[in-house]
Amino acid sequence: MDFLCFTLVPLNLLSFLSRATVPPISMMLRSNVTPATLTRARRRLLLMHFESGVGHIGGNLSALDAMLIVFHEFLRDKDLFILSKGHSAGALYVALWSVGRLADEDLKLFHKDHTLLAGHPPAAGIPDITFATGSLGHGLSLAAGTALGMRMKGIDARVICLTSDGEWQEGSTWEALIFSAHHKLANLTVLVDHNNLQGFGSTAEVASMSPLWNRLQGFDVDVDVIDGHDAEAIRAALQRRGERTRFIALRTIKGKGVSFMENRMDSHYLPLNEEKFRAALAELAWP
């Protein structure tokens, strides 16, 4: 049975929808990510989540460093970024804000009624978001198929996909890995946000895949294991390109930058009350 889904979009939904054209990625506010860039983004992420009263903050903070570097320093006009761990949509929206693709008034609509800035990326309406994701384990399949399609059409472009570590407990993710390795998709780079925590506990307790990178190396792909909060290490890994799919395991800290959220299971779900929001901002002082 087929279903049709219609979405009614208010005329004033997002500020960028009223713009005559959306500039190409090459016209984004390009600059190297500095400590000040990261602090600014972390503070804006916390404000956005606090104002909306929603959680999933810890996994957003663990992935934000890499997302900022991808958008500020690596994406070209035809390149695509696919966020497989859709519950970190907040970090994606803030990264787009950081490079001028979303405005402050857009972020104020995060998680509100009738918004496109939902808790998971939307299927349409935001030019820089190609797929709705968040049903975990599907993003890498979308990325692999897109990368193969680009190659078949002779499109010189790169697909960068960010997965969670918990997603590697999903069979569909391993099927996408087999597909990527078989087709030697050198235009596909996969980032793994390896913060060791997921919805029901640590990844080791729920279904251990440790060390994940050793398992990945058995599939004829290139694998880097780096500190996911070291900007230079992230840059160097993203710059490396070969003849096979590249996986970059980012060893990250859930809730990075806020001491009472770091490596805490509750940072996966809980929103910030005003007291904790103010305390978090106090910790994120300007460098």
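Let's start at Gln169, which sits in the loop between strand E2 and helix H6. Buried or exposed, where does Gln169 fall? Its relative accessibility is 27%, so Gln169 counts as partly exposed. Please keep in mind, as we go, that this is a predicted model. From Gln169 you can look across to Leu136: the two are 33 residues apart along the chain, and their C-alpha atoms are separated by 9.7 Å.

Now let me step back to the whole chain for a moment. You have 287 residues in front of you, and 53% of them count as buried. The secondary structure comes to 10 helices and 7 strands. How much of the contact map is long-range? Taking contacts with a separation of 6 or more, 76% are between residues 24 or more positions apart.

On to the sheet. In what order do its strands lie? Reading across, the order is E1-E2-E3-E7-E6, an open sheet of 5 strands with parallel pairing. The edges belong to E1, residues 80–83, and E6, residues 222–227; each has a single partner strand, so one side of each is left without a neighbour in the sheet. On average, neighbouring strands here are turned by 20° against each other, direction ignored.

Let's walk through some of the pairings. E2, residues 159–164, and E3, residues 188–194, run parallel and are joined by 6 bridges. If you want a place to put your cursor, try Ile160, whose bridge partner in E3 is Thr189. Moving along, E3 pairs with E7, again in the parallel sense and over 6 bridges. E7 is then joined to E6 by 6 bridges, and those two strands also run parallel.

Phe247 is a handy marker in this part of the sheet. Val190 stands opposite Phe247 in E7, and Val223 stands opposite Phe247 too.

How enclosed is E7 itself? Of its 6 residues, 5 are buried, so E7 is largely enclosed by the rest of the structure. Something also lies across this sheet: helix H2, residues 57–74, crosses E1, E2, E3 and strand E7, which spans 246–251. The helix runs at about 155° to E3.

For a close-up of E7, I'd pick Leu250, which has its place in that strand. Leu250 is buried, with a relative accessible area of 2%. What does Leu250 touch, once neighbours within four places in sequence are left aside? The contacts are Ala66, Leu162, Leu191, Val192, Asp193, His194, Ile226, Gly228 and Ile234. His194 deserves a second look: Leu250 and His194 are 56 residues apart in sequence, and 5.5 Å apart in space, C-alpha to C-alpha.

Next, the aromatics. The count of aromatic pairs comes to 6. One of them is Trp174 with Phe219, a tilted pair with 5.5 Å centre to centre and 45° between the planes. This pair links distant parts of the chain, 45 residues apart: Trp174 is in helix H6, residues 171–182, while Phe219 is in the loop between helix H8, 212–216, and E6. How do the two partners compare for accessibility? Trp174 is buried, with a relative accessible area of 16%, whereas Phe219 is partly exposed, at 28%. Here a cut-off helps: Trp174 counts as buried because its 16% is under 20%.

Zooming out a little, ring pairs link Trp168, Trp174, Phe219 and Phe247 into a cluster. So our marker from the sheet turns up again: Phe247 belongs to that cluster and lies in E7, opposite Val190.

Another ring to visit is that of Trp97. Which residue lies over its face? That would be Arg44, at 6.0 Å from the ring centre.

My last stop is Thr133, in the loop between helix H4, 104–107, and helix H5, 139–152. Although Thr133 lies in a loop, it is buried, with a relative accessible area of 11%. And where does its side chain reach? It goes to the backbone oxygen of Leu83, at 2.4 Å. Leu83 also appears in the list of residues that Thr133 touches, along with Ile82, Ser84, Gly86, His120, Pro121 and Leu142, not counting residues up to four places away in sequence. Since E1 covers residues 80–83, this takes us back to an edge of the sheet.

That's my tour, and I'm happy to go back to any of these places on the screen.

Methods
Residues numbered from 1 in each chain as written. Predicted model: local features only at pLDDT ≥ 70, side-chain atom pairs only at ≥ 80, totals over all residues. Heavy atoms only, no water. Pairing = 2+ DSSP bridges. Helix = DSSP H or I, 4+ residues; strand = E, 2+ residues; numbered from the N terminus. Axes fitted to C-alpha atoms, helices over the stretch in contact; angles between N-to-C directions. Contact = heavy atoms within 4.5 Å. Phe/Tyr/Trp six-rings, centres within 6.5 Å; stacked < 30°, edge-to-face > 60°. Buried < 20%, exposed > 50% of the residue type's maximum accessible area, 1.4 Å probe, protein only. Lys NZ or Arg CZ within 6 Å of the ring centre and 35° of its normal. Polar contact = N/O pair within 3.5 Å; in protein donor to acceptor, adjacent residues only side chain to side chain.
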